[in-house]
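Got the viewer open? Let's take a walk through it, one selection at a time.

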Amino acid sequence: MGTGFKGGATNYHSILDNLPKVSSIYKYQNGLFGNPGNKYPIREIVSTDHINASKVFYDLLAYGGIQTSFVKGKYSGIKTVMSDGTVVTYRKITSTENSPAVEISIRNSKSPGSLKQQKIHFIEGKL
Amino acid sequence: MIKIDFRFDQNYIKQLVGKYFLKYRCDELIFTNSVAQFVELYISDKVFSLENLQELTDYFGYNTDVAILKFIEKKEQCVYEKQVDNFVHKKIKQVKIVNENQKMYIRNKIEYDIFFTRAIIFILDDLEEICFEKDTLFFSEEIIVNRGHNLINVLGKSEQFMETMKEEKDAKGEYFREEIILS
């Protein structure tokens, strides 16, 4: 399952451990990040450096979780399981051109707080 | 109206009844009972792959990445080292397929009629069940694995689909499930 906790954390983090920091940096309302995308629960975050922003977002949200990589599928990626059971997935390439995405699944989460299931696409653009 | 059908082939699955479920290989189930992308099923002399991978698909009017659950026989012999064996060694008495039908109406006229397999449940000769369920989040490649009894009762509800329909203008959604028992 990996050799330690993501980002060098000393203990196993839950999604609620990381949510305050991430939601203080990125727009967060009613359990959803960013702005509405083309279909609920797809969301969008616009950034001038959207590739970097997507990675920073993922690293912050998944900090202290246990990360593994995918071996199959059209779009490679990585996933992190948090201690509460939330699964955070990152794909640099998706079917949406030039738009990395972070997926959040709380299906197995024991305590997701206000966080909802969603997929956040990062779009290049001016804020 | 657009009709899409991703259901498993019943006749193909029926061949598994009476065979020996030796083991399944998947990510280690330590922190959750969900695994990413695929599970390999070793049944008698064959290996099957239950895959839940994203494909570019029309999702109620928007082309996006949708995870599609497929059951295929594996031809190549390659072992994914990070996966672990979960031994079963029991005869398959029945296989239960849970199919789902999601309908989208716009101004009371049906526009989308989508069929897919939500879960496959193996009922073994001692009545233990092993259930592999596609996550209810449409883009999620997770497969939820459960062992026990009456596992039809642990399947997730398609709440995300109903919430998606609520957000659509003039739309209404409904979904149904059917259980097909192969014995």
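Start by selecting Asp65(B) and Lys119(A), which form a salt bridge with the closest N and O atoms 3.5 Å apart. This pair crosses between chains: Asp65(B) sits in strand β6 (residues 63-73) of chain B, and Lys119(A) in strand β9 of chain A. Is Asp65(B) buried or exposed? Asp65(B) is buried, at a relative accessible area of 0%, and Lys119(A) is buried too, with 0%. Keep in mind that you're looking at a predicted model.

**The wider interface**

Now colour by chain and look at where A and B touch. Chain A brings 32 residues to the contact and chain B brings 40 residues. The area buried between chain A and chain B comes to about 3,100 Å², and carbon and sulfur atoms give 55% of that. Pick out Lys39(A), Lys72(A) and Arg107(A): they supply 25% of what chain A buries against chain B, more than any other three residues.

How many salt bridges does the rule find across the interface of chain A and chain B? There are six. For one at 2.9 Å, N to O, select the side chains of Glu133(B) and Arg107(A). On the chain A side, the elements that give two or more residues to the part touching chain B are β5 (66-69), β6 (78-81), β7 (87-91), β8 (101-105) and β9 (118-124). By type, that side of chain A divides into twelve nonpolar, twelve polar and eight charged residues. You can also hunt for polar contacts here, since the rule finds 13 residue pairs across the interface of chain A and chain B, both at pLDDT 80 or more.

Stay with Arg107(A) for a moment and add Thr136(B), which touches it. Thr136(B) is in the loop between β9 (129-134) and β10 (142-148) of chain B, and at a relative accessible area of 9% it is buried. Its other contacts beyond four places in sequence include Arg118(B), Lys157(B) and Arg177(B).

**More charged pairs in chain B**

Next, select Asp113(B) and Lys103(B), whose side chains meet in a salt bridge (3.2 Å, N to O). Asp113(B) lies in strand β8 (residues 109-124) of chain B and Lys103(B) in strand β7 (residues 84-106) of chain B, so the pair ties together parts ten residues apart in sequence. Both Asp113(B) and Lys103(B) are buried. Then show Lys90(B), Asp126(B), Glu128(B) and Arg147(B), which salt bridges with shared partners join into one network.

For another setting, try Glu73(B) and Lys75(B), a salt bridge at 3.9 Å, N to O. Glu73(B) is partly exposed, at 25% relative accessible area, while Lys75(B) is exposed, at 68%.

**Helices in chain A**

Swing over to helix α1 (residues 15-25) of chain A and helix α2 (residues 50-61) of chain A, which pack at an angle of about 145° with their axes 8 Å apart. Among the residues that meet are Leu19(A) and Val22(A) from α1(A), and Phe57(A) and Leu60(A) from α2(A). The contact divides into seven nonpolar residues, one polar and one charged.

Zoom in on Phe57(A), which is buried with a relative accessible area of 0%. Its contacts beyond four places in sequence include Tyr26(A), Phe33(A), Ile45(A), Ile120(A) and Phe122(A).

Last stop: follow Phe122(A) to Ser99(A), which is in contact with it. Ser99(A) lies in the loop between β7 and β8 of chain A and counts as buried at 2% relative accessibility.

Notes. Residues numbered from 1 in each chain as written. Chains lettered and ligands numbered in written order. Predicted model: local features only at pLDDT ≥ 70, side-chain atom pairs only at ≥ 80, totals over all residues. Heavy atoms only, no water. Contact = heavy atoms within 4.5 Å. Buried area = accessible area lost by both parts, 1.4 Å probe. Salt bridge = Lys/Arg side-chain N within 4 Å of Asp/Glu carboxyl O. Polar contact = N/O pair within 3.5 Å; in protein donor to acceptor, adjacent residues only side chain to side chain. Helix = DSSP H or I, 4+ residues; strand = E, 2+ residues; numbered from the N terminus. Nonpolar A, V, L, I, M, F, W, Y, C, P; charged D, E, K, R; others polar. Axes fitted to C-alpha atoms, helices over the stretch in contact; angles between N-to-C directions. Buried < 20%, exposed > 50% of the residue type's maximum accessible area, 1.4 Å probe, protein only.
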